[in-house]
Amino acid sequence: MSSNATSRLRVVAVHGIYNSFGTGISDARKEELRALKAAAWARDLQSGLGISPDRLDVDFAYYADRLRPGPAAQGDQESDFLNDPLAQEMLDAWARELGLPDEVAQGHAAVPLRALASWMARFNLAEGPLGVFIRLLCSEVTAYLRSVDAPERIAAREEVAARIAQYRPRVVVAHSLGSVVAYEALHAHPELQPELFLTLGSPLALPRVVFERLIPAPRPADGPQLRGAGLPGRTRWVNIADPGDPVAVPPQMSRFFDGIALDHTTAVSALFRFHHAENYLRCATTAATIAPYLGI
């Protein structure tokens, strides 16, 4: 680690769901939007760290357009979601991890979404916005994990790997689905070894849909419990999960993966804004994790 307090820390940010720039935009506009996103993540990290803007150099690994490269009408997205067996399997697995009763988790294809939205009213969110969130989560995660050789999966993973290779950061910060994409990218390219891999609000351990579908696949450990692989090389892996974040389930991810140096459970969510990246980026635990790489 550098002890130079005036050096700039290179960071690659890997986004989660709900970060699409839209379709049909030019490459120039895409780069403008990427720069805006990078600046927003930098501001959130700076806020938590209490440092000046010139201390961080943040790049934004944008892969959302690789998951749904073509336009789709809202009605088509709704129909695709309700008729997608993998999306429904994910919804069922997620409902079980959140502790919903069997009659909710095992309902008709259109029932779990309504039941889950109603049950999750305890998060103080309106059913409409929560329904949109659930559809986005399931549709984007299943688009990525549909098969080991899905073109969308390969394209998203390689896009993230390319940004890391180009930028050569000391730190990679990955939120939500981005933690899944970045985890696989670092395994696919073991020569990419950032000093720190920080996962925030990660669904990497979600059984049946995410965990067992990872590349590399989890392997048997000492007992019946499968274990996910740690990262190649000397990259230090730290995970932060808000106990109120319904995406970061099951809790205590280090129970399922080798090589997690620290596995923090930290309350970061604000009212009406659960699972948002900015809450994680601004929290004291994130600041304490990144500060040593800034020499502070």
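Here are some short exercises on the structure above, each with a worked solution.

This is a predicted model, in which local features need pLDDT of at least 70, side-chain atom pairs count only at pLDDT 80 or more, and totals for chains, interfaces and linings use all residues. Residues are numbered from 1 along each chain as its sequence is written, and side-chain values use heavy atoms, with hydrogens and water left out.

**Exercise 1. Take stock of the chain.**
How many helices and strands does the chain have?

*Solution.* Start with the secondary structure: 11 helices and 8 strands. Helices (H or I, at least four residues) and strands (E, at least two) are DSSP runs, numbered from the N terminus. Next comes burial, which means under 20% relative accessible area, with exposed over 50% and partly exposed in between (1.4 Å probe, protein chains only). Of the 296 residues, 52% count as buried. Finally, look at contacts, meaning heavy atoms within 4.5 Å. Among contacts with a separation of 6 or more, 76% are between residues 24 or more positions apart.

**Exercise 2. Lay out the open sheet.**
In what order do the 6 strands of the open sheet stand?

*Solution.* Read across the sheet: β2-β1-β3-β4-β7-β8, with parallel pairing. Two strands pair if DSSP finds at least two bridges between them. Now find the edges: β2 (56-61) and β8 (260-265) each have a single partner strand, so one side of each lacks a neighbour in the sheet. Neighbouring strands are turned by 20° against each other on average, direction ignored. Then zoom in on β7 (residues 236-241), which pairs with β8 in the parallel sense over 5 bridges. Here Asn239 stands opposite Asp263 in β8.

**Exercise 3. Place two helices on the sheet.**
Which strands does α1 lie across, and which does α9 lie across?

*Solution.* Take α1: it lies across β1, β2 and β3, at about 135° to β2. Then take α9, which lies across β1, β3, β4 (196-200) and β7, at about 135° to β3. Axes are lines fitted to C-alpha atoms, for helices over the stretch in contact, and angles run from 0 to 180 degrees between N-to-C directions.

**Exercise 4. Check the span of α8.**
Why does the span of α8 agree with its 17 residues?

*Solution.* The expected span is 1.5 Å times one less than the number of residues. For the 17 residues of α8 this should give 24 Å, and the end C-alpha atoms are 24 Å apart, so the two agree. Its buried residues include Arg153, Glu159, Val160 and Tyr167. After the helix comes Arg168, with a positive phi near 50°.

**Exercise 5. Find the nonpolar cores.**
Which residues touch the most other members of the largest nonpolar core?

*Solution.* A nonpolar core is a set of buried Ala, Val, Leu, Ile, Met, Phe, Trp, Tyr and Cys residues joined through side-chain atoms within 4.5 Å. In the largest one, of 52 residues, they are Val14, Trp94, Val160, Leu177, Phe197, Trp237 and Phe257. The largest share, 8 residues, comes from α7. A second, separate core of 35 residues includes Leu45, Leu49, Tyr62 and Cys283.

**Exercise 6. Follow Ile51.**
Is Ile51 buried or exposed?

*Solution.* First locate Ile51, in the loop between α1 and β2. At 16% relative accessibility, Ile51 counts as buried. Not counting residues up to four places away in sequence, Ile51 touches Gln46, Leu56, Leu294 and Ile296. The C-alpha atoms of Ile51 and Ala291 are 9.8 Å apart, although 240 residues separate the two along the chain.
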